[in-house]
Amino acid sequence: MLIGFWAGSVAAEKRSASFGVNPVHISNLLWLGLIAGLVGARLTYVIVNFPVFLKDLLGIISFRPGMLDFEGGAVCGVLAGLVYGQKIRLAFLPTLDALTPALAALAIATGFACLAVGECYGIPTTQPWGILLWGELRHPTQVYLILATVAAAGVLFARKGNRIVGLWQADIAGVHILVFMFLVALAWIIIDPFRASSTMLAGVFRPVQILAWVVQAVCLALLFRLTKKASIPTLELESSPSGQSNRE
Amino acid sequence: MEAPRQGSMAPGFSLKTLDGEVIQLEDFRGKPVILNFWASWCPPCRVEMPALQAVSDTYIDQGLVVLGVNVTNLDNPAEASRFLDEAGVTFANVLDPDGSVSRLYQARALPTTFFIGPDGVIKKVVIGGPLERPLLEAEALNLIDGGN
């Protein structure tokens with residue numbers, strides 16, 4: 001996970017200038033989010049279990065990773081990022097676009113981490129590419145998600161020699177993050193039925209797929225709005241020598 | 001599915017204590033269990049043993065079971081017994097003479113601790129140590145409250 005964070009932050013800093021975002025700001029944003037996330041995760045764990053920490057206050061500053069609350073940490077990390085971004089007046093959509101490589105790297109790293117510890121595994125299968133885990137041959141859903149994220153990143157950042165052929169050159173703010181989220185949501189719709197932990201509602205619907213459909217719909221709506229806004233010709237008023245205004 | 005991972009049923013086993021008494025994990029179904037794999041030569045195992053004893057003493061009346069598994073194929077029963085006496089440990093400890101249970105639980109690093117709910121499902125796995133008392137108490141309370 002740390003390697004993924006480092007790789008993602010390097011990639012995000014490298015490309016941020018193309019989105020009009022200062023690489024230093026992106027680096028600060030990512031590291032602030034990480035530190036705030038870790039501190040927030042520990043504080044949340046302490047608050048939830050405060051009575052036991054009263055007997056051993058030094059336990060609050062332990063380096064043990066087991067005493068971390070993931071949800072609390074995620075909220076604190078995101079909030080810290082938003083506050084920092086607002087304070088230095090970062091442009092929201094270009095910043096999200098600049099962070100897209102970091103999100104892709106983190107998602108890929110998460111897939112490898114799950115594979116390493118045997119988490120996020122798939123349902124049993126007889127396919128030759130199944131991996132032996134917990135006593136059965138299973139779909140390598142961790143690998144499927146890694147490959148899907150790499151493919152999504154490829155759509156955005158593909159290069160052919162020195163030429164950029166991916167969506168990289170799209171100059172509408174917000175396109176990169178929205179396309180990336182759309183593609184990742186598509187991957188989850190396809191892969192979720194193969195996950196062992198996938199749940200069903202009323203034997204028909206999978207909540208993860210429903211959520212992914214919603215994400216896709218929102219992304220498409222926003223993409224449509226952004227591209228439509230970008231294609232509306234601008235009206236400029238020019239003063240003619242006679243003092244009357246003309247419209248283009 | 002039985003597997004030594006969070007969310008799965010804890011694999012069953014049957015081992016003997018230093019006194020020769022047979023203990024099976026299934027004996028404790030319906031009670032929260034903290035299962036700790038250790039060896040007498042393992043420094044963090046030795047450091048965390050008093051905390052495990054303290055948690056056992058504090059929550060035994062609420063049904064908590066603390067069960068130690070000495071990885072005897074990598075240790076010495078005499079050394080293990082001496083360490084338990086010196087540390088004043090009174091909760092049950094069993095010997096794993098051929099390492100089969102530690103392999104079953106994939107306890108490749110010592111200590112490794114499993115927090116098992118009254119339903120027999122592993123709620124949390126902590127690899128390494130020493131475990132601090134706040135963590136042990138917090139997770140013990142989660143196990144106890146989860147069963148109520």
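**Notebook: helix H4 of chain A, then the sheet and aromatics of chain B**

I began at the N-terminal end of H4(A), where Asp69(A) acts as the cap, with a side-chain oxygen 3.3 Å from the backbone nitrogen of Glu71(A); a polar contact here is a pair of N or O atoms within 3.5 Å, and within protein one must be able to donate a hydrogen and the other to accept it, while residues adjacent in sequence count only if both atoms are side-chain atoms. I note that this is a predicted model, in which local features need pLDDT of at least 70 and side-chain atom pairs count only at pLDDT 80 or more, whereas totals for chains, interfaces and linings use all residues. Residues are numbered from 1 along each chain as its sequence is written, chains are lettered from A and ligands numbered from 1 in the order in which they are written, and side-chain values use heavy atoms, with hydrogens and water left out.

I then checked the length of H4 (residues 70–87) of chain A: at 1.5 Å a residue its 18 residues should span 26 Å, and the end C-alpha atoms are 26 Å apart, which agrees (the expected span is 1.5 Å times one less than the number of residues; helices are DSSP runs of H or I with at least four residues, strands runs of E with at least two, numbered from the N terminus). Among the buried residues of H4(A) are Gly72(A), Ala80(A) and Tyr84(A), buried being under 20% relative accessible area, exposed over 50% and partly exposed in between, with a 1.4 Å probe and protein chains only. Helix H2 (23–48) of chain A is part of what covers them (contact means heavy atoms within 4.5 Å).

In chain B I looked up the sheet, which is open, with seven strands in the order S2-S1-S5-S4-S3-S6-S7 and mixed pairing; strands pair if DSSP finds at least two bridges between them. S3 (residues 33–38) and S4 (residues 65–70) of chain B run parallel and are joined by six bridges, and Trp38(B) has Asn70(B) as its bridge partner in S4(B).

I closed with the aromatic pairs, of which a search of the whole structure finds eight over all chains; rings of Phe, Tyr and Trp (its six-membered ring) pair if their centres lie within 6.5 Å, with planes under 30 degrees apart counted as stacked, over 60 as edge-to-face and the rest as tilted. The ring centres of Phe37(B) and Tyr105(B) are 5.5 Å apart with planes at 40 degrees, so this pair is tilted. Phe37(B) is buried at a relative accessible area of 0%, and Tyr105(B) counts as buried at 1%. Phe37(B) also pairs edge-to-face with Phe114(B), at 5.9 Å centre to centre and 75 degrees between the planes.
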